[in-house]
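Biologist: I'd like to go through this protein with you and hear where each label comes from. Can you pull it up?

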Amino acid sequence: DWEFVLIGPVVNLTESLPHTNNIRFMGQKEYEKLPMYLSGWDCAFMPFKARESSKVLNPEETLHYLVAGCPVVSRCLEDLQTEYGRSGLLKFADSAEEFISHIEGSLGSKADPE
């Protein structure tokens, strides 16, 4: 019942990712157009691949999502947990089940843009 919209480069991964009718790979978009896309999202998610180098990421898009009022579900990244973990601004997941649970819990909780 969900549609996933992925914006940005997907380097060397497109063949290993699922291709179904509810997953859209939009590619790189102009920075100025991101608010338009975010305004239609119910939840933002950051499903980073689990690897050593991703443990210390603090992706810039986190702030874009939060400013747009989108609830955010992310893989457990050390930097994000340190910066946002106590505030409750982000939900963290390491399994598909946790992602599903947090996304379902976030639906309907997007902040009013006003």
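**Checking the labels**

Modeller: Sure, surface to begin with: the protein exposes about 7900 Å², and carbon and sulfur atoms supply 52% of that. Those areas come from the Shrake-Rupley method with a 1.4 Å probe, and for residues only the protein chains shown count as cover. This is a predicted model, where local features need pLDDT of at least 70, side-chain atom pairs count only at pLDDT 80 or more, and totals for chains, interfaces and linings use all residues. Residues are numbered from 1 along each chain as its sequence is written, and side-chain values use heavy atoms, with hydrogens and water left out.

Biologist: What pattern do the helices and strands follow along the sequence?

Modeller: The order is β-β-α-β-α-β-α-β-α, with four helices and five strands. Both kinds are DSSP runs numbered from the N terminus: helices are H or I with at least four residues, strands are E with at least two.

Biologist: What makes β4 and β5 a pair?

Modeller: Two strands pair if DSSP finds at least two bridges between them. β4 and β5 have four bridges, in the parallel sense, so they pass. In that pairing, valine 73 has lysine 91 in β5 as its bridge partner. β3 and β4 are also parallel, over three bridges, and methionine 46 stands opposite serine 74 in β4.

Biologist: Why is cysteine 70 called buried?

Modeller: Buried means under 20% relative accessible area, exposed means over 50%, and partly exposed is in between (1.4 Å probe, protein chains only). Cysteine 70 comes in at 3%, so it counts as buried. Cysteine 43, at 14%, is buried too. Across the 114 residues of the protein, 25% get that label.

Biologist: Why is there no bond between cysteine 43 and cysteine 70?

Modeller: A disulfide is a pair of cysteine sulfur atoms within 2.5 Å. The sulfur of cysteine 43 has its closest cysteine sulfur in cysteine 70, 7.5 Å away, so that is too far for a bond. A search of the whole structure turns up zero disulfides.

Biologist: How do you know that glutamate 3 and arginine 24 form a salt bridge?

Modeller: The test is a side-chain nitrogen of Lys or Arg within 4 Å of a carboxyl oxygen of Asp or Glu. Here the N to O distance is 2.8 Å, so the pair qualifies. Glutamate 3 sits in the segment before β1 and arginine 24 in strand β2, 21 residues apart. With 49% relative accessibility, glutamate 3 is partly exposed, and arginine 24, at 37%, is partly exposed as well.

Biologist: How many salt bridges does the structure hold?

Modeller: Two. Arginine 75 forms one with aspartate 94, with the closest N and O atoms 3.1 Å apart. Arginine 75 is in strand β4 and aspartate 94 in the loop between β5 and α4, so the pair ties together parts 19 residues apart in sequence. Arginine 75 is buried at 17%, whereas aspartate 94 is partly exposed at 43%.

Biologist: And what counts as a nonpolar core?

Modeller: It's a set of buried Ala, Val, Leu, Ile, Met, Phe, Trp, Tyr and Cys residues joined through side-chain atoms within 4.5 Å. The largest has 13 residues, and Trp41, Met46 and Tyr65 are among those with the most contacts inside it. Elements giving it two or more residues include α1 and β3. Apart from it lies another core of five residues, among them Val73 and Phe99.
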